[in-house]
Amino acid sequence: MSFASALILVVAIWCIYVGWPWYRNWKQAKALHVPIVISPISTSGAALQSLRYILDRDILPTWITRLAFVRLIQRNSRFQEKFAVHAEYGKLFILVTPATCELYVADVDAAKQVLSRWRDFPKPSSLLGMIFPERNAG
């Protein structure tokens, strides 16, 4: 097997490995009938850390840093962007990544629904571990 065909095989396997969960998450998000922001990078993991490292050095062209998913995953993005992404996509939108669908809410009534119906909107266990560290002890 030549190097080129091996490389094509690796890229094809990677596309299936990332593409299928991404497609499945996009399909779930589409059923909610709210705006969707698509990200090829999950909101955790090595790819995110690599992108953040590059973003911190401010070496990417502006057209890349202005993409909605990049603006959402930058460090301190909620502070820097404030309502800007919501102004573009609405008070309620979904970030679809290969790993998850994340709901972004900037509406008081919708936020109350999410917080009161906590079983319908599961939170990442890693986030809960940071908020309630005593639950991880023991």
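Q: Which residues form one aromatic cluster with Tyr23?
A: In this predicted model, Trp20 and Tyr23 make a tilted aromatic pair. Tyr23 and Trp26 make a tilted pair too. Tyr23 takes part in each pair. The cluster therefore joins Tyr23 with two residues, with rings counted as paired when their centres lie within 6.5 Å. Those two are Trp20 and Trp26.

Q: How many aromatic pairs does a search of the whole structure find?
A: One of the pairs is Trp20 with Tyr23, at 5.7 Å centre to centre and 35° between the planes. Another is Tyr23 with Trp26, at 6.0 Å and 35°. The search of the whole structure finds four.

Q: Why are Tyr23 and Trp26 separated by about one helical turn?
A: Both residues lie in helix H1. They are about one helical turn apart because their spacing along H1 is three residues.

Q: Is Trp20 buried or exposed?
A: Exposed means over 50% relative accessible area. Trp20 has 52% relative accessibility, so it passes that cut-off. Trp20 counts as exposed.

Q: What relative accessible area does Trp26 have?
A: Partly exposed residues fall between the buried limit of 20% and the exposed limit of 50%. Tyr23 counts as partly exposed at 38%. Trp26 is also partly exposed, with a relative accessible area of 28%.

Q: Where does UniProt place the feature "transmembrane region"?
A: The entry that carries this feature is unreviewed. In the model, the span is 100% helix and 0% strand, and its end C-alpha atoms lie 25 Å apart. UniProt places the feature at residues 6-23.

Q: In what order do the elements of the protein run from the N terminus?
A: The protein has eight helices and three strands. Helix H1 covers residues 3-30. Strand E1 covers 36-38, and helix H2 covers 46-56. The full order is α-β-α-α-α-α-α-β-β-α-α.

Q: How many bridges pair E1 and E2?
A: E1 and E2 pair in the parallel sense. One bridge sets Ile38 against Val96 in E2. The pairing of E1 and E2 runs over three bridges.

Q: In which sense do strand E2 and strand E3 pair?
A: E2 spans residues 92-96, and E3 spans 101-105. A hairpin of four residues joins E2 to E3. Leu95 stands opposite Glu102, and Val96 stands opposite Cys101. Over five bridges, the sense is antiparallel.

Q: Why is E2 largely enclosed by the rest of the structure?
A: E2 has five residues. Val96, found in this strand, counts as buried at 0% relative accessibility. E2 is largely enclosed because the number of its residues that are buried is four of the five.

Q: Which residue has its C-alpha atom 7.3 Å from that of Val96?
A: Val96 is in contact with several residues beyond its sequence neighbours, including Trp22, Asn25, Trp26 and Ala29. The residue at 7.3 Å is 67 residues away along the chain. It is Ala29.

Q: What relative accessible area does Ser39 have?
A: Ser39 sits in the loop between strand E1 and helix H2. Ser39 touches Trp22, Phe69, Leu95, Val96, Thr97 and Pro98, leaving out residues up to four places away in sequence. Buried means under 20%. Ser39 is buried, with a value of 0%.

Q: Which residue has the backbone oxygen that the side chain of Ser39 reaches?
A: The two atoms are 2.7 Å apart. A polar contact needs N or O atoms within 3.5 Å, so this distance falls inside the limit. The backbone oxygen belongs to Ile41.

Q: Is Thr97 buried or exposed?
A: Thr97 is found in the loop between E2 and E3. Beyond its neighbours within four places, Thr97 is in contact with Trp22, Asn25, Ser39, Ile41, Ser42 and Thr43. Its relative accessibility is 0%. Thr97 counts as buried.

Q: Which residue lies over the face of Tyr53?
A: The distance from the ring centre is 3.7 Å. A charge sits over a ring only within 6 Å of the ring centre. The residue is Arg57.

Q: What percentage of the residues of the protein count as buried?
A: The protein has 138 residues. Ser39, Val96 and Thr97 are among the buried ones. The buried share is 24%.

How values were computed. Residues are numbered from 1 along each chain as its sequence is written. This is a predicted model: local features need pLDDT of at least 70, side-chain atom pairs count only at pLDDT 80 or more; totals for chains, interfaces and linings use all residues. Side-chain values use heavy atoms; hydrogens and water are left out. UniProt positions are given in the numbering used here, feature names are shortened, and annotations may be inferred rather than shown by experiment. Helices (H or I, at least four residues) and strands (E, at least two) are DSSP runs, numbered from the N terminus. Buried means under 20% relative accessible area, exposed over 50%, partly exposed in between (1.4 Å probe, protein chains only). A polar contact is a pair of N or O atoms within 3.5 Å; within protein, one must be able to donate a hydrogen and the other to accept it, and residues adjacent in sequence count only if both atoms are side-chain atoms. Contact means heavy atoms within 4.5 Å. Rings of Phe, Tyr and Trp (its six-membered ring) pair if their centres lie within 6.5 Å; planes under 30 degrees apart count as stacked, over 60 as edge-to-face and the rest as tilted. A charge sits over a ring if NZ of Lys or CZ of Arg is within 6 Å of the ring centre and within 35 degrees of the ring normal. Two strands pair if DSSP finds at least two bridges between them.
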